[in-house]
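Trainee: I'd like to learn how to read helix packing and domain contacts. Could you walk me through a case?

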Amino acid sequence: MVESVLKAKTRNAAPDTEPLLVVDNLHTQFNTSRGIVRAVEGVSFTVKRGEVLAIVGESGSGKSVTALSIMRLLPRQSARISEGRIIFDGRSLLDLSDEQMREIRGRGIAMIFQEPMTSLNPILTIGLQITEPLKIHLGMSDEQARARAVELMGLVGIPDPEGRLDQYPHQFSGGMRQRVMIAIGLACNPKLIIADEPTTALDVTIQAQILELMKDLSRKLNIALIIITHNLGVVARYADRVIVMYAARVAEQGSADAVFHKPRHPYSMGLLRSVPRLDRPRGAKLETIEGLPPNLALAPPGCRFAPRCPYKIAMCEQEPPLFPTDTGGFSRCHRHAEIAAGKITWAAAEGKAVNTVATSVEPLLSVRNLSKHFSVGGRLHKGGVVRAVEDVSFDILPGETLGLVGESGCGKTTVGRLILHLEKPTSGSIRLAGIDLANATAADLKTMRRKVQVIFQDPYSSLNPRMTVGQIIGEPLHVYDIVPDRTKATARIAELLEQVGLRREMAERYPHQLSGGQRQRVGIARALAMEPSFIVCDEAVSALDVSIQGQIINLLEELQRKYGLAYLFIAHDLAVVRHISMRVVVMYFGRIMEVADRDTLYREPLHPYTKVLLDAAPVPDPTIEKGREPRLIKGELPSHLAPPAGCVFNTRCPMATQECREVVPPLEQKKSGHYAACIKV
Amino acid sequence: MLRYTINRVLLMIPTLLGVAVLVFFMLRVVPGDVVEIKLRGDGGNVSQETIELERKRMGLDKPFVSQFGDWMIGMATLDLGKSMWTERPVIEEISLRLELSLQVAIMATIIAVLIAIPLGTAAALFRDTWIDYVVRIVTIGGLSIPSFWFGMLIMLTLLGLFNWLPPITFTPIYVDPVANLTQLIWPAMAVGYRYCAVVSRMIRSSLLEVMNEDYIRTARAKGVYEKVVISRHALRNALLPAITVIGLEFTFLIGGLVVTEQVFNLNGIGQLFVQSVSRNDFTLIQGMVMLIAAFYVFVNLIIDLLYAVFDPRIRYE
């Protein structure tokens, strides 16, 4: 299969050394109710044939708009490319008619999007969606297109392609859908594939598979790849060259090695420092870039990064051009030479890790043999049972942070909901400060709800859009009569806002007027208003940009020290969990796989699943990443309706044997304080 | 799917039973009596005895519960009883008018859907341009102008321009299609306008939503022709919510056209309803309410099943 595709490719490939894509001085703007937003300003770069270019930046930096500008897929009514040239394979894309551009899309340039769950049409078969471009661009007959679709599905690793051709997207998992998207992208042998956050919505083990596949195919078929991402680890592993974007402009550009090891722009330096990393000792505090990216509708003159830059000088009020750097790249910083000479370094604070200390050995929360089963299907029909949580036990001490990691569908959020008493457990007990929640009185439950608070993942949908920040934070004060007096309540709201690093004027604002990080701070202030002793943080920082994520984590740690709070920190990002937790629980498919204190778990993981997880997470260092063996995890999460017999991980485990398919391994203490549910270790 | 359908059909029974209880006992609470209206309505001087005799003959002297029981037993054998006024079987009375009402409803639906799909689509695709504005004016007109008044406009126009009015006697379509259509096309248009306005606004808004979906962007990124993007990828998804509206509007037209029927002098279900209510013709009212209720439940089932046909994510198992 691969050979035939390869042959087709070599025939098409022109031997010239011209760059495949030239983007020159691109300006894209949006007309919005807030005025003209210049989303991309003066962006220039080239992509060679077969090269992998990564565009990195935080949300709103203009990276996706750049991609959509190349494809000319921007919303017609509001967006306009006001200046610049885009030359692809010798043709100027901005001068083409709509019809000529349509011929290039899918044929010359293909694009893969972020959300595999919504990027495929739910009411059309997978087969139709893959064959569509084949029929349009290559004029294939039905049979030819079907044969080619089967070939493509095999190529991207979809098992049983013939049988799955007539299925619909909802019958595929997220990872499989992204494979389908890649198959569609590859269908007509494009010369360039643009992948916009292709793995952001996927679990880390699936992410590794998809990226490995894309890189492999682009090498084999000599397809150039533009990967747009905020994940620096992904960039380090796969990119030849990197563009760092900040506030609609290119901040730095260079080879992956240069940008990662010798960044020449303070923003790249800060970005690299603010990522919690698995390959380095945990610092006392996460580095952050203070402040927020500028509002593009009212962008300040001069260097865009200056308001947040610790090395700002008078000259930064003038717009810096892109200077060539000593590493062969470009940097938009007046002081790039000083950075190169080593005169400026991002303040290092790796220091000694300060552990938060549990204030008592008596557990605050004690979970024993907790199970939660959901029945699927209505009462009229025979339905299956989904064992979302099965036999989970752990303790949390006062003032402690317990990390709970696992991929989607592992039951970690259900555990959080059970503790919050939002779901009733099927069996098992939850004791909070000595009170058993299952037979607590109404009064006990009310006290409990006050002591246990939650911070949710999505700061966009977890705040009521019609309430002001002050009302949101003040509501629990009224409900629980914590501060009955109105003026005192206002004072308390102001105090809470200051504690989470917001100005007191924010109380008048509505959630949509705040940025993601600010909203998450409001969520924290709302939780603090109840004076809790325990907070469940359910993916509390996953939706935030790297630099903002660091700010929130630091805030959570600071509040913990100040008030002796205990956290259950639920997350899928291993590096973040490592940074904040004292002990870590690893869950898979509803069960606990491993429990250990943080350093032990990350240094000497015992359970093969933990090893696989740690191995699958890329670290932001090209030297380490490029020298690494291809990743070993295979397969996908099994179906909850047909759980595997024996150890739940046996279907994907590299060391599974017949015994693993028969015995459910108990969670045993393998070393002091180190528990694992595996019979092989 | 079959199992689901059977379940749903069985679930219709308690729903209809509830309707039966409600309508039966609510009617008995309403003051007035069919026998008195029938015998004394025109000022006739009839003795109380005659009235009691007549009541006895019609079984109105029995206790409510036993009357209800009789009615239920009749319904179980598909016998809705006899009209208390004309003494003809209820089924016969209804079926005479149902043919006409059903035909008007079907024609109105066809007219509405045929116009609404292109209208709503154009409005969505040319959002905030003059096309959208024109469509908006037309549809808001449809929503705000009462159907009977629009019907009167149609009649006056026909009279003024052609000095012609549609026939007032109903000829079934299988007897004389031309005569049938010349009579019914006008009321179908009158109610179809509102219907079309409702559906096209629905299509416009759901199409606008669908056009922002990620899979539309994917289709464009594949280089699919724009007209295929719209017809295959967008419109098919956008029509799903419109199906619900079409079904609900359709059932409304059966029995909901009281005034419009008056304007066009049609002898339809709406007319019969008004007549039987003013005569306190209990059995006929009950029969019609049951018929319309059954229609609602049935059309809703059809809508749900249609959803499963159009949307592969919905599978009733």
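**Helix packing and a domain contact**

Mentor: Sure. In this predicted model, helix α11 (residues 266-274) of chain A and helix α18 (residues 546-563) of chain A have axes that come within 9 Å and cross at roughly 50°.

Trainee: What describes two packed helices in general?

Mentor: You give the angle between their axes and the distance between the axes. Here α11(A) and α18(A) are therefore oblique to each other, since angles from 65 to 115 degrees would count as roughly perpendicular and those under 35 as roughly parallel.

Trainee: Is the crossing of α11(A) and α18(A) left-handed or right-handed?

Mentor: Left-handed. On the α11(A) side, G270(A), L271(A) and S274(A) make the contact, while α18(A) brings V546(A), S547(A) and G550(A). By class, that contact has four polar and two nonpolar residues, with no charged ones.

Trainee: On to chain B. Which domains does the assignment give there?

Mentor: Domain 1 covers 16-76 and domain 2 covers 91-310. Taken over C-alpha atoms, the centres of these two domains of chain B are 36 Å apart. Each domain puts eleven residues into the contact.

Trainee: Which helices of chain B each supply at least two residues of the domain 1 side?

Mentor: They are α1 (2-29) and α2 (34-40). α1(B) gives the most, with six residues.

Trainee: And what is the make-up by class of the side of domain 1 of chain B that touches domain 2?

Mentor: That side has nine nonpolar residues, plus one polar and one charged.

Key
Residues are numbered from 1 along each chain as its sequence is written. Chains are lettered from A and ligands numbered from 1 in the order in which they are written. This is a predicted model: local features need pLDDT of at least 70, side-chain atom pairs count only at pLDDT 80 or more; totals for chains, interfaces and linings use all residues. Axes are lines fitted to C-alpha atoms, for helices over the stretch in contact, and angles run from 0 to 180 degrees between N-to-C directions. Helices (H or I, at least four residues) and strands (E, at least two) are DSSP runs, numbered from the N terminus. Angles under 35 degrees count as roughly parallel, over 145 as roughly antiparallel, 65 to 115 as roughly perpendicular and the rest as oblique. A crossing is left-handed if the near helix is turned anticlockwise from the far one by less than a right angle, and right-handed if clockwise. Two residues are in contact if their C-beta atoms, placed from the backbone, lie within 7 Å. Ala, Val, Leu, Ile, Met, Phe, Trp, Tyr, Cys and Pro count as nonpolar, Asp, Glu, Lys and Arg as charged, and the others, Gly among them, as polar. Domain bounds come from an automatic or database domain assignment.
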